[in-house]
Amino acid sequence: MFILQKQSMSLGSFETGSRRELLFSPLYLRNIVMDVPLLVTLLAVNGLGLVVLYSAVGSNATLLLRQGVRCLIALTAFLFVAQIPPRILRLWTPRIFFFGLVLLVLVILIGDVGQGAQRWLDLGIVSFQPSELLKLAVPMMIAWFMHERRLPPTFTELLVLILIIIIPALLIARQPDLGTAILVVAAGGLTILLSGVSVRVITVLGLLGLGSMLPLWQFMREYQRVRVLTFLNPESDPLGAGYNIIQSKIALGSGGLFGKGWLNGTQAHLEFLPERSTDFIFAVIGEEFGLLGLLLLLALYLVLVGRGLFIAAQARDTFTRLLAGAVSLTFFFYVFVNAGMVCGLLPIVGVPLPLVSAGGTSMVTLMVGFGMLVAIQGNRIILVR
Amino acid sequence: MNQAVPFKNHWKEQRLFLSRLIAAGIIILLSTGVLVSRLFQLQIVEHQQFAAMSQGNRLRIEPLAPTRGLIFDRNGVVLAENLPTWELVLIPEEVADLDVALDALEALGLVDPDDRNGLTELVRSHRGFERVKLRNLTEEEAARFAVRRHHFPGVDIREGLVRSYPYGEAVAHALGYVASISPADLRRIERSEYAASSNIGKTGVERSYEQLLHGVVGYRQQVVNAPGRVLFDPAANTGLAGAGASPTGLETKWPIPGDNLILAIDIRLQLAAAAAMEGVRGAVVAIDPTNGDVLTFFSAPSFDLNRFPTGLSRTDLRALTTDSDEPLFNRALAGTYPPGSVIKPFLALAALDYGVVDADHEIMCPGYFMLPGQSRRYRDWKPQGHGRMDLHQAIIESCDVYFYQLAVTLEIDSIAQFLRTFGFGAATGLDISGEARGIVPSREWKRSRFARPEEQIWFPGETVITGIGQGFTLVTPLQLAHANATLASRGKPFQPRLVIGTENGMTGEVILLEPRAQLTLDLDDADWQRIHDAMLGVTEDIGGSAREVMAGTAYRVAGKTGTAQVYSLAQDEEYDEENLDERLRDHGLFLAYAPAEAPSISLAVVVENRGGGSRTAAPIARQILDVYFTEAEYVARQL
């Protein structure tokens with residue numbers, strides 16, 4: 001029933017596209033699967049991120065080093081995942097997904113309380129946020145589910161897909177971590193979009209989603225409501241809830257076209273800007289490097305997303321297509337939500353700027369996602385006609 | 001579904017997927033466009049505005065408190081100074097939860113539970129960025145807080161200066177005190193002027209000369225971060241005086257210290273008064289008749305001014321305000337007493353001036369007085385009577401019957417008119433606020449004072465007792481000293497004053513204030529002389545009511561004793577001091593001026609509920625005058 005055949009499973013072949021783009025000359029490295037445009041752009045963004053972060057943490061070398069280590073870990077994960085054939089990924093997907101769900105339940109039962117929310121599992125050596133895993137596991141599960149079915153999904157299939165999204169999303173929202181829950185819903189939703197659901201159904205779902213906002217409002221914690229309300233009118237509370245938005249807008253606006261120069265951002269350095277090394281680092285870039293700096297960063301992001309979409313377009317089966325597309329679109333979604341939040345277009349939901357914000361877990365998740373892209377590109381399944 | 005797995009149309013699916021990818025790509029480009037245009041708006045279009053705002057963020061204007069002016073007595077003795085202290089301050093906007101913060105401070109023993117409500121109200125009445133002083137801390141308390149400082153965002157200790165009064169108890173009612181700015185004070189001051197000050201003058205000279213003493217607030221610009229921590233302060237290390245920009249472009253405008261004040265008070269007399277008044281209630285006021293200088297201004301019992309600037313707890317304040325002796329009450333300024341016999345010289349002068357009696361006019365004193373056609377007897381203090389009395393002798397022996405007759409002859413409205421020319425019934429114009437006006441009764445006064453027609457009628461008997469300073473008449477010790485000074489200067493009164501000069505806090509330039517003469521009383525010299533002689537007789541002649549007390553002085557004193565009834569005796573009741581409730585016993589009064597030849601001090605002493613003036617008030621006057629003439633010996637006049 002499958003008219004598919006792996007073009008190559010062994011790592012010894014020279015025939016796949018990516019193999020020809022191998023960067024390294026030593027023979028033992030030739031077997032490594034890599035996508036050079038992705039790798040170069042990722043390194044560029046990571047490098048830029050470290051430069052900005054050095055300024056944002058107040059020229060603190062220790063903090064910078066720590067982030068550098070995180071980058072290395074993420075890069076290692078990226079390289080490792082890139083070597084995993086997509087078929088294996090697909091086979092493991094249900095296990096990963098349900099493992100993630102179990103962890104989410106565990107977090108609710110025994111998780112550490114950090115900043116008023118249970119998000120972390122203390123694994124002895126490292127703490128770990130299971131919700132991060134779900135950011136990838138949900139699109140993977142959808143892609144897995146649709147892999148052996150015809151696109152677009154039928155109505156019944158659609159309901160199953162929605163369940164795949166809603167269950168982890170609700171568990172995450174209960175922690176409460178509204179930001180990650182939204183991201184998980186977005187990742188899943190984008191995957192469904194890519195699976196070819198008709199525009200009419202999307203519209204209906206969208207309206208239903210808006211309608212569900214009302215009960216969601218009841219579910220929200222006070223600080224979350226305040227955030228949404230201040231988003232609508234930040235100036236109403238300049239020293240309280242609206243502080244973040246106003247300060248980040250000042251940081252961006254005072255940066256101008258060329259910025260105040262590296263390490264010269266007064267907003268950031270004088271601690272007016274909250275969370276300047278994490279969620280609001282976009283404002284630090286805007287202040288110190290100006291509009292030009294931000295345009296460069298956005299261009300790099302677009303290259304990554306574009307390359308991801310290109311890989312998705314080239315992918316040969318439903319699982320890899322949907323997964324590659326979802327990873328790329330989700331990545332852009334992160335960028336847009338973070339940047340939109342920092343410049344006052346969207347509410348503050350606590351989404352880090354991908355690959356730049358300090359913090360390990362999200363960086364690893366993102367790099368694993370890119371690793372999957374590379375794997376998909378490097379192990380394309382050729383449709384045998 | 002059971003007709004095997006449906007055939008997957010790969011080509012169709014790929015097209016569908018690609019179309020979705022293209023749609024996604026377009027949406028991505030559009031979103032990026034939105035983002036970029038937003039950034040363009042913020043960073044290019046509104047750049048100027050945000051750049052200005054970011055400047056405002058970095059700079060904070062820190063107000064600098066001016067040093068409060070010092071207060072000296074007339075000889076340069078410091079009466080009020082500023083000592084270094086620690087203040088517990090709170091910046092409302094930096095405290096997340098005021099109650100939690102106050103709870104924690106209370107747990108540390110730095111805030112009195114009783115003061116909680118007051119402090120909460122105080123903090124609420126300030127704007128978010130204004131520093132509120134909670135209280136002063138001792139060294140030990142400051143240290144206790146300092147080690148836990150990081151637990152208290154928005155609460156800090158600050159070095160400051162606190163008002164200190166070396167003679168806190170002796171000069172309390174003249175000097176007044178400073179204390180925390182209250183919500184009520186905030187309404188009467190220019191808030192920005194007090195941005196750095198935590199205390200304000202509440203009473204006495206401290207209040208009425210607040211503007212001079214306070215000085216002009218300064219400020220400095222500091223580079224701060226959002227939580228308000230100072231990162232760079234150009235003014236902190238440099239002792240540069242004067243306004244101007246520092247090399248870093250941060251401005252500093254130094255505060256201008258308040259003016260120093262020179263009081264008319266002579267601390268030696270003041271201390272003598274405080275010592276003499278130990279254990280009694282009452283007041284002493286001494287005025288220089290030649291210029292209105294208030295040399296002594298003491299109200300007993302007193303209190304220690306030093307308890308207020310550092311923040312009096314509610315409990316302590318309650319103890320002070322509910323004390324039955326009312327130490328906070330300024331008796332010298334606002335205590336109103338029946339003048340008793342000390343009113344007699346003034347009435348005698350009135351009679352002479354109006355020509356209703358002449359000096360040789362004599363009456364027979366049988367020990368009581370009766371109005372024609374009435375049976376009521378108005379008793380003399382001497383039941384057996386004084387016998388034949390002329391004006392001179394009536395003053396010396398303080399014959400009541402003579403003055404009953406005199407008052408009836410003068411008529412109440414004439415009495416009132418004359419007494420007012422001596423300043424009775426009106427504020428003397430002393431340069432601190434809170435003066436009581438007292439009462440000079442008249443028909444007109446009674447009409448406006450009472451509502452019911454039957455109460456508005458003036459009865460002849462009321463005129464009779466006015467003759468000996470009883471009835472409705474009420475005077476303050478300050479009014480007595482002032483009127484007595486007018487007697488001493490023979491009709492040339494000066495507005496009483498506590499402050500006689502100012503000293504510029506920066507230049508040290510001293511400006512002495514001119515004495516302010518009041519309306520001259522144009523009376524016959526012979527009349528003045530008769531009253532003067534009679535008052536001299538009080539202390540010198542045989543039978544004079546203050547002769548024993550003033551015996552053996554190196555100076556000559558003119559005086560008049562007085563005894564004011566608090567309790568009206570029934571017709572045939574005997575005054576029995578022993579069995580009368582203490583608060584109903586007579587007040588003792590004494591007026592004196594000296595030296596008799598050229599008076600330079602006019603003294604009024606009032607002692608509450610201790611009996612007649614010759615026994616109680618006159619000895620106190622003697623002690624003060626002795627100090628004035630021996631130890632101080634006119635030096636009180638030099639500057």
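**Why these labels? A chat about chain B and a cavity in chain A**

Chain B has 23 helices and 23 strands. The model is a predicted one.

Student: What share of chain B counts as buried?
Tutor: Of its 639 residues, 53% do. As for the outside, chain B exposes about 28,300 Å², and carbon and sulfur atoms supply 53% of that area.

Student: And how far apart in sequence are the residues that touch in chain B?
Tutor: Take contacts between residues at least 6 apart in sequence: 72% of them join residues at least 24 apart.

Student: Let's get down to single residues. Why is B:Asn484 called buried?
Tutor: B:Asn484 has a relative accessibility of 0%, and buried means under 20%, so the label fits B:Asn484. You'll find B:Asn484 in helix H21 (residues 477–488) of chain B.

Student: What is B:Asn484 in contact with, leaving aside its neighbours within four places in sequence?
Tutor: B:Phe346, B:Met535, B:Leu591, B:Ala592, B:Tyr593, B:Ser602 and B:Leu603.

Student: On to charges. What makes B:Asp527 and B:Arg530 a salt bridge?
Tutor: Their side chains come to 3.6 Å, N to O. The cut-off is within 4 Å, so the pair qualifies. Both residues lie in helix H22 (residues 525–540) of chain B, three residues apart, about one turn of the helix.

Student: Why do B:Asp527 and B:Arg530 get separate burial labels?
Tutor: B:Asp527 has a relative accessible area of 8%, which is under 20%, so B:Asp527 is buried. B:Arg530 has 35%; partly exposed covers the range between 20% and 50%, so B:Arg530 is partly exposed.

Student: Which labels do B:Asp626 and B:Arg622 get, buried or partly exposed?
Tutor: B:Asp626 is at 25%, so B:Asp626 counts as partly exposed. B:Arg622 is at 17%, under the 20% cut-off, and therefore counts as buried. These two side chains also meet in a salt bridge, at 3.1 Å from N to O. They sit four residues apart in helix H23 (residues 617–631) of chain B, about one turn of the helix.

Student: How do you know that B:Arg68 and B:Glu206 form a salt bridge?
Tutor: Their closest N and O atoms are 2.9 Å apart, and the limit is 4 Å, so the pair passes. This pair links distant parts of the chain, 138 residues apart: B:Arg68 is in the loop between strand E1 (59–64) and strand E2 (71–72), while B:Glu206 is in helix H8 (residues 204–208). Both B:Arg68 and B:Glu206 are buried.

Student: Which residues are linked with B:Arg68 in a network of salt bridges?
Tutor: B:Arg163, B:Glu206 and B:Glu210. Over all chains, the structure holds 34 salt bridges.

Student: How many cavities does a search of the whole structure find?
Tutor: Five of 30 Å³ or more. The largest has about 110 Å³ of space.

Student: Which helices supply the lining of the largest cavity?
Tutor: Helix H5 (130–147), helix H14 (318–342) and helix H15 (360–378) of chain A each supply at least two residues. H14(A) gives the largest share, five residues.

Student: What makes the lining of the largest cavity eight nonpolar, three polar and one charged?
Tutor: The lining includes A:Lys135, A:Gly369 and A:Phe370. Lys counts as charged, Gly as polar and Phe as nonpolar, so each of these residues gets its label from its type. Sorting the lining this way gives the eight, three and one.

Definitions and conventions. Residues are numbered from 1 along each chain as its sequence is written. Chains are lettered from A and ligands numbered from 1 in the order in which they are written. This is a predicted model: local features need pLDDT of at least 70, side-chain atom pairs count only at pLDDT 80 or more; totals for chains, interfaces and linings use all residues. Side-chain values use heavy atoms; hydrogens and water are left out. Buried means under 20% relative accessible area, exposed over 50%, partly exposed in between (1.4 Å probe, protein chains only). On a 1 Å grid over the protein atoms alone, a cavity is a set of points where a 1.4 Å probe fits but cannot get out, and a pocket is an open set with protein on both sides within 12 Å along at least five of seven lines; lining residues have an atom within 4 Å of a point. Grid points are joined across faces, edges and corners, and a volume is the space filled by probe spheres set on the points. Contact means heavy atoms within 4.5 Å. Accessible areas come from the Shrake-Rupley method with a 1.4 Å probe; for residues, only the protein chains shown count as cover.
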